Amino acid sequence: MDEIKEVKESYSQEDSSFAFLPGSRRTEIRSLMDDYRQVASSLKGEKKLVVHPMYKESIEALYGDVSQFTISYDTHTTLQSSDFAFVCSGTATLEASIIGVPFVLVYKA
């Protein structure tokens, strides 16, 4: 908790910004991306996909079509600058809570 310095202080009144965090495990990413794309296509505003830095070289192969997303590699900054987030169950849910961005926890069994 001490490492997170970003705190959400305001929310956009006009253009919404959405963060999508599919996790860092390959199976989670593959499992969630179809649903994330479907949800993103129904939203108006900026859609940011947080990609784990270790996957920079294999985005298309692992995440599929990401053309509707802005790619980010910085979870904290992305959450702080978003109005709402779709977050895979895990560490990022704690990060979103501490930063103060409203979110939906996403998990597929």
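Is Arg25 buried or exposed? Arg25 counts as exposed, at 54% relative accessibility. Because the cut-off for exposed is over 50%, Arg25 falls into that class with its 54%. The model discussed here is predicted.

## Overall fold

The protein chain has four helices and five strands. Along the sequence these elements follow the pattern β-α-β-α-β-α-β-α-β.

The chain is made up of 109 residues, and 40% of them are buried. Among contacts with a separation of 6 or more, 59% are between residues 24 or more positions apart.

## Salt bridges

Side chains of opposite charge can pair when their charged atoms come close. How many salt bridges does a search of the whole structure find? The search finds three.

One of them joins Glu28 to Arg25, with the closest N and O atoms 3.4 Å apart. The two partners fall into opposite classes: Glu28 counts as buried, with 17% relative accessibility, whereas Arg25 is exposed at 54%.

Asp34 and Arg37 form another salt bridge, and here the closest N and O atoms are 2.6 Å apart. Both residues belong to helix 1 (residues 26-41); because they are three residues apart, about one helical turn separates them. Asp34 is exposed, at a relative accessible area of 52%, while Arg37 is buried, at 17% relative accessibility.

Lys108 pairs with Asp35, the closest N and O atoms being 2.9 Å apart. This salt bridge links distant parts of the chain, since Lys108 lies in the segment after strand 5 (103-106) and Asp35 in helix 1, 73 residues apart. Lys108 is partly exposed, at 43% relative accessibility. Asp35 is also classed as partly exposed, at 31%.

## Nonpolar cores

Which residues of the largest nonpolar core touch the most other members? They are Phe20, Met33, Tyr36, Leu49 and Tyr63, in a core of 19 residues. Strand 1 (17-21), helix 1, helix 2 (59-63) and strand 4 (84-88) are the elements that each give two or more residues to this core. Helix 1 provides the largest share, five residues.

A second, separate core has ten residues, including Ala19, Leu21, Val50 and Ala96. Tyr63, listed above for the largest core, is in contact with Val50 of this second core. Leaving aside neighbours within four places in sequence, the other contacts of Tyr63 are Pro22, Gly23, Ile29, Met33, Arg37, Leu49, Val51, His52 and Tyr55. Met33 and Leu49, among these contacts, are also listed with Tyr63 as residues that touch the most other members of the largest core. Arg37, another contact of Tyr63, is the salt-bridge partner of Asp34.

## Two buried helix positions

Ala40 is placed in helix 1. Its relative accessible area is 0%, so Ala40 is buried. Not counting residues up to four places away in sequence, Ala40 touches Phe20, Lys47, Gln68 and Phe69. Ala40 and Gln68 are 28 residues apart in sequence, and their C-alpha atoms are 7.6 Å apart in space.

Thr78 is placed in helix 3 (residues 75-80). With a relative accessible area of 4%, Thr78 is buried. Beyond residues up to four places away in sequence, Thr78 touches Ala19, Lys48, Val50 and Ser72. Two of these residues, Ala19 and Val50, are members of the second core.

## Largest pocket

The largest pocket holds about 350 Å³ of space. Its lining consists of 18 residues, and those nearest the centre of the pocket are Gly23, Ser24, His52, Thr91 and Ala92. Gly23 and His52 are also in contact with Tyr63.

Which element gives the most to the lining of the largest pocket? Helix 4 (residues 91-99) does, with three residues. By residue type, the lining of the largest pocket divides into eight nonpolar, seven polar and three charged residues.

Key:
Residues are numbered from 1 along each chain as its sequence is written. This is a predicted model: local features need pLDDT of at least 70, side-chain atom pairs count only at pLDDT 80 or more; totals for chains, interfaces and linings use all residues. Side-chain values use heavy atoms; hydrogens and water are left out. On a 1 Å grid over the protein atoms alone, a cavity is a set of points where a 1.4 Å probe fits but cannot get out, and a pocket is an open set with protein on both sides within 12 Å along at least five of seven lines; lining residues have an atom within 4 Å of a point. Grid points are joined across faces, edges and corners, and a volume is the space filled by probe spheres set on the points. Ala, Val, Leu, Ile, Met, Phe, Trp, Tyr, Cys and Pro count as nonpolar, Asp, Glu, Lys and Arg as charged, and the others, Gly among them, as polar. A salt bridge is a side-chain nitrogen of Lys or Arg within 4 Å of a carboxyl oxygen of Asp or Glu. Buried means under 20% relative accessible area, exposed over 50%, partly exposed in between (1.4 Å probe, protein chains only). A nonpolar core is a set of buried Ala, Val, Leu, Ile, Met, Phe, Trp, Tyr and Cys residues joined through side-chain atoms within 4.5 Å. Contact means heavy atoms within 4.5 Å.
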